[in-house]
Amino acid sequence: MSLAARPAGTRRGPRRQRRLRRGLATAGLLALPVVFLGWFFAWPVTAIVWQGLAPEGDLELGVLGRVITDASVRSVAWFTLWQAVASTVLTLLVAIPGAYTLSRQEFRGRGALQAAVTVPFVLPTVVVGSAFLALLGPRSPINAGLVAVLGDTAPTLDLRRTVTAILLAHVFFNYAVVVRTVGGLWSLLDPRLEEAARVLGASRWRAFREVTLPLLTPAIAASAAIVFLFTFTSFGVVLILGGPGRATIEVEIHRATTQLLDLPLASTLALLQLVAVLAALSVYGRLTRRAQVQQRLVASDTTRRRPRGRAERGLLVGNLVVIIGLVLSPLAVLVERSLVTADGYGWDNWRRLLTDDASTVLAVPAAEAVRNSLLFGVSATVVALVVGALAASAATLDRGRLTGLVDRALMVPLGTSAVTVGFGFLIALDRPLDLRGSPLLVPLAQALIATPFVVRTLLPVLRSIDRRLREAAAVLGASPLRVWREVDLPIVGRALLVAAGFSFAIAVGEFGATVFVARANLPTMPVAIFRLLGRPGVANFGQAMAMSTLLAALTAAALLAIDRLRVGQIGRF
Amino acid sequence: MLALRGVTLAYDDTVVVEDLDLDAKDGEVLCILGPSGCGKSTLLRAIAGLEPLRAGTIHLDGRDLDGLRPDQRKVGLMFQEHALFPHRTVADNVGFGPRVHGMAPEAVRERVTGSLELVGLAGTEHRRVDQLSGGERQRVALARAVAPRPRLLMLDEPLGSLDRALQTRLLEELPEVFAELGTTVVYVTHDQDEALALADRVAVMRAGRIEQHDTPDRLWRTPRSAFVAGFLGLDQQLSVEVDADEVRSPLGTLPRAAVSEADGVVDRGDACAVLLPESIRLLSPSDAVPAGHLGVSGEVLRRRFRGDHLQISVRVDTSRIDGGPAGGVAGGAGPLTLQALALRDAAQPGGAARLAIDPGGVRLLEPEPAARDGDG
């Protein structure tokens with residue numbers, strides 16, 4: 001009765017006020033991410049576009065035309081495209097059977113193996129490059145084996161600086177993306193669907209082709225798109241393993257900037273790449289929307305079983321061979337090479353790496369590169385966590401149009417290449433503050449690249465918190481602060497740890513942007529490895545291997561630590 | 001005809017079905033009835049070729065199925081929760097079997113139409129399966145299983161995921177479908193009402209073995225073990241002591257000759273007596289105990305309204321029964337609760353009630369170690 005007596009206006013008042021308050025809160029949360037993205041992403045990219053279209057300050061499309069029709073640019077674009085397609089197809093062919101074994105077959109050591117195959121995904125590109133240099137070079141175990149079998153007349157296999165090396169490294173690098181994404185869905189598919197097809201008279205292959213494959217299509221398409229994106233913008237791997245005529249657009253941007261000092265060319269290449277990446281992303285979005293099938297999923301631990309029959313056991317053995325040969329052996333060879341000295345095995349490389357005062361190549365003691373990496377990595381992690389958590393919270397609070405926009409805006413840096421970011425920093429960050437000489441640029445660039453991963457980790461967890469949990473806690477008498485502490489924090493806390501470990505691994509291993517913005521006297525580990533590899537000499541190579549091993553151990557430790565937390569979206573898209 | 005001999009099945013190291021023999025005659029509906037986890041679904045999967053045999057043989061129409069892959073066995077299996085292909089239409093689901101058997105598109109279409117008509121879903125060909133209701137999904141699954149005209153149709157808990165009303169309706173329709181198909185049907189369920197309503201014969205399964213295999217009527221009249229009786233819903237069981245002349249129960253003594261028993265099951269000593277529901281009658285105050293019946297009196301605990309009748313729970317204090325060797329029978333001391341059916345509200349909770357037990361509706365069985373503890 002008292003409600004009815006109130007004038008209508010005051011009843012509507014609080015609701016409008018609440019909406020206003022919520023809008024203000026969203027804006028407050030978004031302020032920092034917007035400034036961060038605007039300053040360190042949108043502005044540099046705009047500068048690149050402007051530089052590409054108007055090198056002299058006036059719009060001059062002729063430059064664009066000249067670069068696009070340039071034969072060498074076209075050949076780079078063509079190589080970039082076909083190696084990305086080939087890498088993607090190869091990765092799918094190798095990893096889809098692997099996804100079956102790791103998600104549907106039960107065998108001893110499955111859990112450990114699943115964690116192990118994820119390691120390459122977080123390995124720095126420079127480490128992957130070094131590992132394949134070691135694996136495919138003339139002094140590799142492969143050649144040692146050939147000599148042992150065939151004697152001195154054995155041909156020496158040297159696959160360094162070949163397309164084969166690049167493709168193998170890309171498969172190694174992206175194996176986990178497909179295994180985690182496709183295997184993740186596969187382990188949830190009801191096995192009775194395929195069994196139903198078998199009982200209805202379909203052969204094993206036909207049941208797979210007509211029932212399982214169509215149901216896996218969303219995961220396969222998603223992982224294929226990610227692998228394509230990663231290999232299309234591949235930088236570190238191609239820079240180290242490629243050679244003349246085997247450069248991606250990324251590598252060419254780097255070369256145009258650092259060797260040719262041709263900034264218009266670099267800008268146009270960056271522009272070309274940006275357009276290609278955006279096109280690929282939109283095709284991917286359309287593909288995944290179309291392939292979506294509503295289906296009943298089952299618990300993953302009910303779908304695994306021990307292999308039965310010759311075909312299944314053969315598949316298991318085959319996949320184990322692939323995993324050991326392709327995924328684990330490069331890492332093993334990397335460690336082995338780091339221990340090779342002039343006479344047999346020893347700790348020489350490691351000792352020199354950690355104790356030498358002034359490496360001739362690095363201009364600073366190598367140990368300092370380790371310190372720089374850790375310092376930059378931790379700073380970048382803090383920045384990425386703050387920006388990512390704010391953006392994810394805002395996107396959870398506001399469920400309207402803004403959410404989708406923020407969602408997409410934050411994913412763009414993921415698709416944009418690291419080299420573009422680094423190059424953009426270099427040409428744009430003299431205004432409003434001249435940051436170009438500042439050591440701050442390194443953690444900022446690394447944070448920019450890590451932020452999308454933080455958002456991707458936090459957003460699903462934040463959105464999955466059942467509103468009823470908070471309501472139940474409130475009804476039971478918990479104050480809003482108490483609700484946040486008792487409900488939100490325990491759930492999000494683990495996700496925050498995962499995001500932290502993930503961004504640390506990304507920051508420590510970041511190469512493409514860092515190589516542009518790191519100052520000569522402040523190298524990070526990947527930069528140091530690249531410099532060491534660029535110099536002749538067994539000692540430099542050995543030190544590069546030792547440094548790579550250390551870096552691999554660091555990122556793998558971060559990954560395995562977060563894998564134990566089992567919030568588990570790592571490497572899944 | 002389906003014949004299983006000495007079938008043993010195991011998951012890894014756990015034996016789920018052991019040395020099992022079972023037959024299904026041509027065209028009969030055989031229900032395998034048992035609690036969850038007794039191995040009945042695994043048995044179906046083994047017949048379909050989805051689980052390997054650890055030992056034994058399976059013959060279908062005289063042909064050994066050993067070594068045949070699931071797609072070569074020409075059996076139909078309707079899965080629990082149906083396992084419809086979510087990315088295909090109704091017609092694609094139903095037509096899958098005929099199509100992979102290499103039938104021409106026109107023939108496949110005819111077969112799809114026919115199968116959907118059989119299950120009462122004509123005209124739904126182009127619907128997507130995620131737009132179907134639970135009952136429709138169940139029917140599509142049945143149509144898909146029968147579309148390739150299997151020599152044997154197997155159904156695994158087909159009504160398990162449906163609500164009560166839908167179960168009742170499908171329970172009435174299924175016999176017609178089975179009759180029209182004419183194939184041998186093996187139907188797995190844990191619901192005795194389903195089994196008794198559908199089956200020509202029922203095999204009661206327990207912990208990987210067949211406990212009893214008989215027609216529904218004979219199963220109900222003469223359960224061979226306390227487990228079978230209990231699983232059929234005959235849960236009024238007493239521990240009794242038997243000798244050549246009489247059966248001593250906590251409720252009183254009955255002449256041995258009046259009580260029937262499964263062939264040669266109990267000679268003397270401890271036994272389990274199952275009281276069929278119709279053997280217990282509520283007497284009105286004026287009624288005398290009929291000749292040959294056992295009269296007991298007790299207190300009405302509660303009445304449960306069951307629509308067309310009332311179920312009266314009567315507590316009988318056995319220590320006050322004259323001539324009842326209450327102390328002598330294990331588990332027989334103390335109060336017992338009996339259920340009786342009544343048509344009118346003849347008894348009020350708290351009031352006295354008299355019951356008459358017809359010895360003709362009492363069955364003597366081998367005592368069940370587990371069941372005995374739970375008795376009384």
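**Chain B, its four-stranded sheet and its side facing chain A**

In this predicted model, chain B has a secondary structure of 9 helices and 21 strands.

Me: How much of chain B counts as buried, and what size of box do its C-alpha atoms fill?
Reply: Let's start with the box: along the principal axes, the C-alpha atoms of chain B fill roughly 80 × 45 × 30 Å. A residue counts as buried if 20 or more other C-beta atoms lie within 10 Å of its own. Chain B has 376 residues, and the share that passes is 41%.

Me: Which strands stand at the edges of the open sheet with the order 2-1-4-5 in chain B?
Reply: Read the order of this 4-stranded, antiparallel sheet from end to end: 2-1-4-5. A strand at an edge has a single partner strand, so one side of it is left without a neighbour in the sheet. In chain B that goes for strand 2 (14-24) and strand 5 (63-64).

Me: How many bridges link strand 1 of chain B to strand 4 of chain B?
Reply: Strands of a sheet pair through backbone hydrogen bonds, either parallel or antiparallel. Here strand 1 and strand 4 of chain B go for the antiparallel sense. One spot to look at is B:Arg5, which sits opposite B:Thr57 in strand 4 of chain B. The count of bridges between strands 1 and 4 of chain B is 5.

Me: Which residue takes a positive phi in the hairpin of strand 4 and strand 5 of chain B?
Reply: Strand 4 (residues 55-60) and strand 5 of chain B run antiparallel and are joined by 2 bridges. Across the pair, B:His59 faces B:Asp64, and B:Leu60 faces B:Arg63. That leaves 2 residues between the strands, and the one with a positive phi, near 50°, is B:Asp61.

Me: At about what angle does helix 1 of chain B run to strand 1 of chain B?
Reply: Find helix 1 (residues 40-48) of chain B, which lies across strand 1 (2-11), strand 2 and strand 4 of chain B. Compare its direction with that of strand 1 of chain B, and the angle is about 115°.

Me: Which element gives the largest share of the side of chain B that touches chain A?
Reply: The contact takes 19 residues from chain B and 21 residues from chain A. On the chain B side, the elements giving two or more residues are strand 6 (75-78) and helix 2 (90-100). By class, that side has 13 nonpolar, 3 polar and 3 charged residues. The largest share, 3 residues, comes from helix 2 of chain B.

Note on methods:
Residues numbered from 1 in each chain as written. Chains lettered and ligands numbered in written order. Predicted model: local features only at pLDDT ≥ 70, side-chain atom pairs only at ≥ 80, totals over all residues. Pairing = 2+ DSSP bridges. Contact = placed C-beta atoms within 7 Å. Axes fitted to C-alpha atoms, helices over the stretch in contact; angles between N-to-C directions. Nonpolar A, V, L, I, M, F, W, Y, C, P; charged D, E, K, R; others polar. Buried ≥ 20, exposed ≤ 12 C-beta atoms within 10 Å, placed from the backbone.
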